[in-house]
Structures are given as C-alpha cells and as structure tokens.
Amino acid sequence: MTEVSNLLLFIALLFLTGYHLLDVIPDQRRPRIHVSKRVLLVMTFLVPLALLVPVTKVVTVLVQQFQVGWFEAIYTVFLTYSAGQAAFYSLLIASILVVLTLKTSEELPLIICKFILVLLLIGLSGWASHAASLTGISGFLSNSIHLLATSLWIGPLLMVAWFAKHPMENPAAFAAWYSPLAALSVGAITLTGFLLMGNIVPEYVNSWMITYGQLLVIKHILFVPLLLFGFRHSLLLRRIKKHGHARSMKSSFRMESVIAVFILAVTAFMTEQTPPHEVIQTLQTEQISPLIQLFLNQPILVNQTLQFDLNTSSSILLVAGLFLFIGGMFILLQSHKVWGGLAGFLIASILVYSGLMVSATPEDTVIDDTVYETDYDAIKASYSEETEIAILKQEELESNRQMVVYTVNDSDLVAQMIEVTSDGFKRLPASMLTIGGTAITDEEQKIRTFRVQNGNWHHDAYDYTYVTFGMIRQPEDVARVQIHYEGGSYIAELEANVFINTTSSNELWNDQHPIDFLSDDGTVIETYAREVMEEGVYCH
C-alpha cells in the first residue's frame with residue numbers, strides 16, 4: 001500500500017509541476033496542452049492523500065501498541081511527526097490550489113501563484129521523506145532539491161508526451177528553454193543523489209547484498225537510457241521541420257516518460273526496504289538478495305563484505321554494454337527506429353548490470369580476536385571512551401554464547417551477543433539489536449521484537465529467530481512476562497527492569513504477539529499489545 005501511495009505521489013507531483021510550469025511559459029514558447037480540469041483536481045488532491053498513507057500507519061501503531069486514544073494519536077502525529085505535519089500542510093495547500101484552479105482567470109500573477117503552491121507541495125514531500133527523518137535539515141534539503149529537479153525535468157516531458165498536440169508548432173522555441181532546464185535538473189539530481197547516498201547508503205558496493213542496494217543499482221543503470229533519450233530530444237527538437245521527425249517524436253517522448261515512471265516505481269518500492277546504513281548489521285535481520293547470489297561462485301558467509309574487483313568476464317560485459325548504449329544512441333539519432341534504440345538500451349542495461357554483479361567479490365572482514373577480561377570490556381570496545389554503558393542483564397546460551405542487555409548513555413537499549421571463552425569474552429561482529437528513539441528512561445515501557453533471518457542472533461537450524469526484549473519501569477510489581485507468539489507462549493524473567501527472550505521457528509509468525517506482565521504469583525497485571533515485528537537492527 002505504501003509503495004503504491006509513494007508512486008502515486010511522485011506521478012502527481014510530476015503532473016502538477018509539468019502542467020503549471022508550462023502554464024507559466026508564454027504560448028509561443030511551448031506546445032499546446034489539453035488537460036481536463038477534473039484530472040487536474042484529482043492530481044492535486046492525490047498529493048495530500050498519498051502523504052496521509054504513512055500517517056495512518058503511525059496513528060494505528062500509537063493506538064494499538066500504546067493504548068493512546070484516537071483523537072490524541074491523530075493530534076500528536078499531525079503536530080509532532082514530520083510526516084504528519086507534511087500531510088496536514090499539504091492538505092491546506094492543495095485546497096487553496098483547487099480553489100485557484102477552479103477560477104477561470106488567466107492572469108499571470110494567479111498562474112505564478114499556482115506554480116509556487118506546487119513547489120511548496122514538493123517541499124512538504126521532502127520534509128516527510130526518510131532522508132529528512134534520518135539527517136534533519138540536510139536530508140530535507142537534499143531530498144527536496146532532488147525531487148524538485150526531477151519534477152522540473154520529467155514533469156514537462158509527461159505533458160508533452162501525453163497531453164500535447166503533435167506535431168509541435170514551435171519545437172525550437174520550446175527546446176530553447178526546456179533543454180537548459182533539463183540539463184540543470186540532471187546536474188542537481190546527480191549532486192543531491194550523491195549526497196543522499198552518503199547519508200543512506202555509505203557502503204554502495206556492499207549494499208548489493210540486500211534488496212535496497214540491488215534496486216538502487218538498477219535505478220542508476222536505468223538513468224542512463226533516460227539521459228540518452230533526453231539528449232536525443234534536445235538535438236531533434238531544433239530540427240524537426242528540417243528532417244521530418246515530427247511523427248516519431250511523440251512515441252519517443254512517451255518512451256522516455258515510461259522509463260522515468262519505471263524508475264519512480266523502483267524508487268517507491270525502495271522506500272519500504274531497509275536502508276543499508278551498515279550492511280553487515282542489516283544482514284542480521286534481512287536475507288541476502290537472491291539476485292546477487294545468481295552471480296557469485298560461492299555463498300556469502302557471515303561477516304563477509306563485497307568488493308568491486310574487475311575481471312575478464314565483467315570487463316567484457318561492461319564494454320559490450322557500453323558499445324550497445326552507443327549503438328542505441330546512434331540508431332536514435334540517425335533514423336526513426338525508436339524501438340530499435342530502446343531495445344539496444346535495454347540489452348545494454350542488462351549487460352552493464354551483469355558486469356557490475358560479476359565484479360562483486362566476497363571478502364572477509366577484519367574480526368576483533370581480542371579476548372577481553374569481562375563482558376563489560378568486550379561491549380565497551382564498540383563505543384568511544386565518553387559513552388556510558390550500563391549492563392542490566394546477562395544470560396548464557398549454548399555454544400559458548402552470552403546475551404547481554406545494556407543501556408547506552410541512559411538512552412538506547414541494546415541487546416548484544418558475545419562469545420564466552422575459557423579466558424574471557426570476545427566480540428562478535430554485527431551482533432547488536434538496538435531500541436532507540438526517545439530515551440528508554442523516559443518511557444514506562446519499551447519493548448520490541450526483531451525478526452532475524454541472518455547473522456549471529458540467527459539459529460542456523462531454523463528460518464527465523466524471534467528476539468523480544470525491553471524495559472518495564474511501570475507497573476512496579478512485574479516479575480516476569482509471557483510473550484504470546486503465533487507459534488507458542490514463552491516466559492522471560494525480569495532483572496533490573498529488563499528482560500530478553502529468543503526463540504526460533506521455520507514458520508513466519510504473525511506480527512501480532514501480545515505480552516502479559518505477570519506478578520510473582522502469576523497474576524496478569526497488564527497486557528502490552530504488540531502489532532509489529534522489526535525487520536531492521538535499529539528501531540524507535
């Protein structure tokens with residue numbers, strides 16, 4: 001549902017930007033566009049509706065998991081959450097835009113005002129983005145500029161491809177302003193794309209091991225034929241009359257717009273995947289992508305990373321892909337055979353993708369083999385000297401493993417797996433599950449369940465390992481908890497107000513798993529409703 005809403009949001013923003021931008025441009029410098037007022041109004045209201053989809057999920061979580069009333073939950077989300085604020089203000093702006101759209105006046109100040117309102121909608125969409133929630137103002141600016149540049153480039157393209165009268169009466173005049181705008185937009189997309197990657201995907205090659213990274217590299221490769229189609233249009237728009245390309249331009253524009261929408265669909269799907277801030281950590285709870293496994297001669301082992309290493313096979317594939325891109329571009333420029341050029345681009349994209357994947361080579365990471373005297377020393381080695389660590393619970397497992405639950409600066413609650421040796425304790429890489437967000441000491445109860453499919457928390461004999469841990473400060477008389485998973489109920493004892501439980505199964509259990517707070521005599525004091533299981537290694 002969220003993936004669909006994100007795609008509809010992107011399409012609506014492109015549509016509105018393209019329409020209102022062309023409306024600002026004088027008639028003699030743009031093609032004639034015909035869009036019914038009903039479609040325009042639907043697209044306008046589609047923006048706040050799409051932004052409301054993730055808001056409803058947050059509201060539902062507050063009501064079901066924290067027993068917050070519906071009114072209070074809605075009030076809290078719309079006033080304090082960036083996604084809620086963006087949805088609320090976008091609804092106000094969209095309403096104003098609808099009123100102005102219904103006016104029949106064609107005065108330039110009114111037209112400019114409508115275009116400014118569309119720009120504000122783009123900014124609000126950037127405010128609701130993952131990058132903004134992750135890195136604040138820098139993520140907001142990068143994502144907003146990225147989305148704005150995409151809208152200014154692809155928006156007019158959509159209008160020309162699907163809603164313009166062909167052949168154009170004034171293609172050269174249109175190209176005179178649109179081509180420089182498209183070039184500037186591509187530059188802005190490239191720059192902000194690198195900035196966003198630095199925040200969200202700092203390990204680009206290594207991220208190919210998971211779904212998010214695979215989608216990202218596919219998106220980047222598809223960006224190449226999109227650019228080449230744009231380059232073709234920039235050249236041919238200036239000489240349509242001379243060379244008689246008017247009829248092929250319509251289908252060519254539509255092909256470019258379809259590629260753009262497909263890239264947006266990939267982007268929309270990426271928003272619901274786990275971003276690989278640290279790939280090895282992410283692989284604790286997410287399986288290795290089956291796509292990368294198709295190209296590896298050996299399975300990727302725990303704690304291995306991917307390195308880019310050109311070899312004979314990958315070089316041949318990459319060079320072949322490069323030549324096909326050039327050949328496809330030659331076909332587009334020298335003939336009307338648009339489908340031939342598109343076929344060349346698609347085959348080239350497959351070859352380049354295959355060449356990149358064949359270049360990916362698994363390598364072992366450097367593992368800390370230090371034997372620490374205490375479990376505290378082993379855990380503290382992962383943090384700076386200034387970080388305060390307070391161990392609250394330790395529990396030994398089979399196979400010389402020990403679970404440790406501790407707080408970090410009285411804020412985050414962390415469960416970490418360490419190895420027990422005859423001489424002390426050793427760190428295990430990628431073995432931390434973290435409950436972050438608001439400080440743990442500010443909450444009466446904070447409990448999360450992680451569904452693990454890989455890494456040191458995962459039991460190799462099963463498909464899934466479920467790790468539930470948390471802190472209960474209120475009520476005060478809780479001695480233990482009983483966790484009701486779909487596959488059975490399990491009891492965990494409280495120690496220093498925290499508990500931890502792990503269990504494994506070959507079945508994918510339902511996300512709903514209520515947790516009973518029990519007193520010493522087994523009386524149920526309270527039930528904590530859990531409606532979700534975490535798929536990452538960090539959660540709020």
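About 25,100 Å² of the protein is exposed, and carbon and sulfur atoms supply 60% of that area. The model is a predicted one, so every value here is computed from predicted coordinates. Of the 540 residues, 50% count as buried. The C-alpha atoms fill a box of roughly 85 × 60 × 40 Å when taken along the principal axes.

On the secondary-structure side, the tally is 16 helices and 14 strands. As for how the chain folds back on itself, take the contacts between residues at least 6 apart in sequence: 69% of them join residues at least 24 apart.

Charge comes next. The protein carries 30 positive and 49 negative charges, and the mean positions of the two sets are 27 Å apart. Side chains of opposite charge can pair when their charged atoms come close. With a cut-off of 4 Å between a side-chain nitrogen of Lys or Arg and a carboxyl oxygen of Asp or Glu, the count comes to 5 salt bridges. Three of these are worth walking through.

One of them joins R451 and D511, whose side chains meet with an N to O distance of 2.5 Å. This pair links distant parts of the chain, 60 residues apart: R451 belongs to strand 7 (residues 445-452), while D511 sits in the loop between strand 11 (498-505) and strand 12 (515-518). R451 has a relative accessibility of 4% and so counts as buried. D511, in contrast, is partly exposed, because its relative accessible area is 28%.

Another salt bridge runs between R480 and E493, with the closest N and O atoms 2.9 Å apart. Here too the pair links distant parts of the chain, with R480 in strand 9 (residues 480-485) and E493 in strand 10 (residues 488-493), a separation of 13 residues. R480 comes out as buried because its relative accessible area is 18%, under the 20% limit. E493 reaches 40% relative accessibility and is therefore classed as partly exposed.

The side chains of D27 and R30 also meet in a salt bridge, at 2.8 Å from N to O. D27 has a relative accessible area of 55%, so this residue is exposed; exposed means over 50%. Its partner R30 is buried, because the relative accessible area of R30 is just 13%.

Two helix residues round out the picture. T192 lies in helix 8 (residues 171-200) and is buried, because its relative accessible area is 5%. The side chain of T192 reaches the backbone oxygen of I189 at 3.3 Å. Once neighbours within four places in sequence are set aside, T192 is in contact with S142, I145 and H146.

I259 is found in helix 11, which covers residues 246-270. With 13% relative accessibility, I259 counts as buried. Leaving out residues up to four places away in sequence, I259 touches L222, P225, L226, F229 and L342. Among these partners, L226 is 33 residues from I259 in sequence, yet the two C-alpha atoms are 6.5 Å apart in space.

Terms used
Residues are numbered from 1 along each chain as its sequence is written. This is a predicted model: local features need pLDDT of at least 70, side-chain atom pairs count only at pLDDT 80 or more; totals for chains, interfaces and linings use all residues. Side-chain values use heavy atoms; hydrogens and water are left out. Helices (H or I, at least four residues) and strands (E, at least two) are DSSP runs, numbered from the N terminus. Buried means under 20% relative accessible area, exposed over 50%, partly exposed in between (1.4 Å probe, protein chains only). A polar contact is a pair of N or O atoms within 3.5 Å; within protein, one must be able to donate a hydrogen and the other to accept it, and residues adjacent in sequence count only if both atoms are side-chain atoms. Contact means heavy atoms within 4.5 Å. Accessible areas come from the Shrake-Rupley method with a 1.4 Å probe; for residues, only the protein chains shown count as cover. Lys and Arg count as positive and Asp and Glu as negative; His and the chain ends are not counted. The place of a charge is taken as NZ of Lys, CZ of Arg, CG of Asp or CD of Glu.
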